[in-house]
Structures are given as structure tokens and as C-alpha cells.
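Please look over the structure below before reading my notes. They are meant for someone opening it for the first time.

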Amino acid sequence: MFKSFFPKPKWFFLSLIFWFVINIVLWYAGGKEWGEFLGFSKGYAEAELPIGVSRFWSPAFLWFYLWFFVATTLFALFWKMLSDNPWQKWSVWGSAFILFNIWFGVQVSVAVNAWYVPFWDLIQNMLTHGGGNIIDLYKETMVFLYIAMVGVTLAVVNAFFTSHYVFRWRTAMNDYYTANWEKLRHVEGASQRVQEDTMRFATILEDLGVELVKAMMTLIAFLPLLFQLSKYVPVIPVVGELNHSLVWAAIVWAVFGTVLLMVVGIKLPGLQFNNQKVEAAYRKELVYGEDHADRAQPATLKELFSRVRKNYFRLYFHYAYFNLVATWYSQLDILYSLVVLFPSIAGGKMTLGLINQIGNVFDKVRQSFQYLISSWKTIIELLSIHKRLKAFESILDK
């Protein structure tokens, strides 16, 4: 699954984490200011970023683009010398490009969040003082539009590139399995695993990986903001006064939901795996029946289909209470961020712009902590596919 596409997967991912941590440490230990040695304006790293699309070509951003490119080049050269995997241009440079797009998407969210305060405060001032200049509203709206246009364009480019990335990964797995087809062809459902499971595995794992990295980058970008904004919300319902109240509120709610859904959905991965087994057995018998008159007899098909029906009915039952709990949690989640702000709103300590900004930052951080909650159904499907492919590859391991 991995060694067909990534060079020496175990060491590749360990080195990637190690290199990522080194770059993060260097960046926050002063590296973000090193651009001054290359001619960037003095103090650019501490300068307040403009509210608008121009922040994306500010000196701070330009220095990060250069840093990211150099770091990726060094990492790629290291693995080029260490391995000759034919797919590592895609697995190294392709992964880096997707990683960069995830980071940029988070920065678009940060830019939109910065725009909330002047826009909504402008509306509040107009409503409070009996009106204002409509041109100002159009100007602020265009600021958002320019940011959104950049973000949406890059998102479409990333989706197009990711589709090719996933298909290359599928191609690598397909080539690996077909090269060993004589050893694998006797496994039940071998054709399905090569033809279908490879694509589903690459697609799902890439989606989950992107969402995980996005959640981490969102936390890096928005958690410091939430710490700062917590000073406007000194009191939260039930608990009362609490330092860093918004951060604690986000963590506790996310941990509660994650544990709840993991406990409720603990049986689903095994049932999904069994479901694919009984479906494969039924499909295999039908395929044999196309060429052999003595196969796919009614009694045999009835027995095989009864196993399919039994497993589906068990899935329906367990998904019923899982979906009930998940839906109730998601509905409460909509209200949660607003309820947390009620004491401060009632105390008259907030403006409309601040409410929207805090609500946006709080939601971003909370959703990042809720990664497992939002991805749990997909993780269940991935575990099922991984289990099938792992059993498939165990023949080659022997």
C-alpha cells in the first residue's frame, strides 16, 4: 500500500515528521526574521499584516514561500540520493505541493477572520448612528471578494492536482499487485482488491491526511488568536470565571464528542470488514455462474445472500444509534459557540464585529479538535479497506 508509492515508507514518514519539527522550531526560534539578511525590510516579521488580499504578497509571506521551497528541495534531494523509487517525484514533491495548498487555505481563513471586525463594526456603527456611506460597505465587501477569489482558485487547482496524485498512487499499487498476480490471484476477492480497493484506499487516506494536516495547521494559526480573544470572555456558563476560557471550552467539548462517538461506533469497523467479505463471496459465485452451469445454484446463492442480508441488517442497527448520537451532537455543536459567549454579550462587553470574529476563531479551533468526530465514518471505511489489503499483502510477506 505504501512502499509501492513512497520510498522506504517507515523511514520516509519518520524523516518527514523530523524535518517538519526542525523547520517549525527554526521558524519560531527566529527563522521568520532571517529574511532581513536577504534584503527584506527590517521588522517585516513583526509588522501588522494588511486586511485584504495584499497580505499574500507581503514580505512575511514571500519569505515563507522561499523557506518552504528550499526546505522541500533539501528533503527531496536527500531522498533522491537515498532511494530510487520511481514514484518519489509524485510522493515527495506532490505531497509538498498539497501541504503548501493546505497551509495557504488556512491563511485564507485567517485573512477572512481579520476582515470580520472592520466589516461588522462598520455595520454596527451605521445601525447605531442612523446610517452611513454605502460606498464603504461596497469597499469592505470587495475586500472579502478578492480574498475569496484567491482562496477558491487555489482550492480548485489543488482539487485537480490531488485527483492526479491519488490516481498515481493507485497506479503504483496496481503495478505492484499485478506484478505479483500469480501469488495473489487465488485470494478470495483478489480482483476487487486490485481494481477497487486500491483506488478507495488512496483516495480515503489522502482525504484523511489532508484533513488531519489542515486541522493541525488551523490550530497553529488560530489557537494563539483564541488565547488573545479569551480576555473578552472572562466568564462562561456553568463554570464561571476561567483563564483562557475559550480554549478550555473548545478542548473539553471536542474531547467529550470524540470519546462519545468512538465508544458508540466501536463495532462498526469490524462490521464493515465482514460486509465486504460476504459481498465478495456472493459476487464471486455469481461470476463463476456466468461460465459454469454447475455454479451459482439457487440454494447456494440463497445461502450466500442470507449472509449478506444478515450483515447489512446488523450494520443498519448499529449505524442507527451511531447516527442518532452523531446528529444530536452536531446540532448541539451549532449552538455551543454562541452559548459560551452569552455571559459576555449580556454584560455588554462585545461589539458585533468582535462576536463574529470570536465565533469564527472559536469554531475553527473547535472543529480542528473535532477531527476524529468529523472523520469517524471515513476512518471506519478506511480501517475496513486497510484490513482487506493487509490480508492480501500478507501472502507476499510470507
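The numbered points go from the overall layout to individual helices and the contacts between them.

1. Overall layout. This is a predicted model. The protein has 11 helices and 2 strands. Read from the N terminus, the order is α-α-α-α-α-α-β-β-α-α-α-α-α. Along the principal axes, the C-alpha atoms fill a box of roughly 85 × 55 × 40 Å.

2. Helix α9. This helix covers residues 298-346, which is 49 residues. From first C-alpha to last, α9 reaches 70 Å. That is close to the 72 Å expected at 1.5 Å a residue. Where does α9 bend? The bend is at tyrosine 336, by about 35 degrees. After α9 comes glycine 348, with a positive phi near 65 degrees.

3. Helices α2 and α3. Helix α2 spans residues 59-82 and helix α3 spans residues 88-128. Their axes come within 10 Å and cross at roughly 160 degrees. Angles over 145 degrees count as roughly antiparallel, so α2 is roughly antiparallel to α3. The crossing is right-handed.

4. What meets at α2 and α3. Aromatic names recur on the α2 side, including Phe61, Phe64, Tyr65, Phe68, Phe69, Phe75 and Trp79. Thr72, Thr73, Ala76 and Lys80 also take part from α2. On the α3 side are Gln88, Val92, Trp93, Ala96, Leu99, Phe100, Trp103, Phe104 and Gln107. By class, this contact has 15 nonpolar, 4 polar and 1 charged residues.

5. Helices α3 and α10. Helix α10 covers residues 352-369. It packs with α3 at an angle of about 155 degrees, and the axes are 6 Å apart. That makes α3 roughly antiparallel to α10. The crossing here is right-handed.

6. What meets at α3 and α10. From α3 come Ser109, Asn113, Ala114, Tyr116, Val117, Trp120, Asp121 and Gln124. They meet Leu352, Gly353, Leu354, Asn356, Gln357, Asn360, Val361 and Lys364 in α10. How do these residues divide by class? The split is 7 nonpolar, 7 polar and 2 charged.

7. Helices α9 and α10. These two pack at an angle of about 135 degrees, with axes 10 Å apart. The pair is therefore oblique. α9 passes α10 in a right-handed crossing.

8. What meets at α9 and α10. α9 brings Asp333, Tyr336, Ser337, Val340, Leu341 and Ile345. Among them is Tyr336, the residue at which α9 bends. α10 brings Ile355, Ile358, Phe362, Asp363 and Arg366. The classes are 7 nonpolar, 1 polar and 3 charged.

9. Where to look again. α10 is worth a second view, with α3 and α9 both packing against it. Asn356 and Asn360 of α10 are among the residues that meet α3. Ile355 and Ile358 of α10 are among those that meet α9.

Notes: Residues numbered from 1 in each chain as written. Predicted model: local features only at pLDDT ≥ 70, side-chain atom pairs only at ≥ 80, totals over all residues. Heavy atoms only, no water. Axes fitted to C-alpha atoms, helices over the stretch in contact; angles between N-to-C directions. Helix = DSSP H or I, 4+ residues; strand = E, 2+ residues; numbered from the N terminus. Parallel < 35°, antiparallel > 145°, perpendicular 65-115°, else oblique. Left-handed = near helix turned anticlockwise from the far one by under 90°. Contact = heavy atoms within 4.5 Å. Nonpolar A, V, L, I, M, F, W, Y, C, P; charged D, E, K, R; others polar. Expected span 1.5 Å × (residues − 1). Bend = angle between axes of the 7 residues up to and from the residue.
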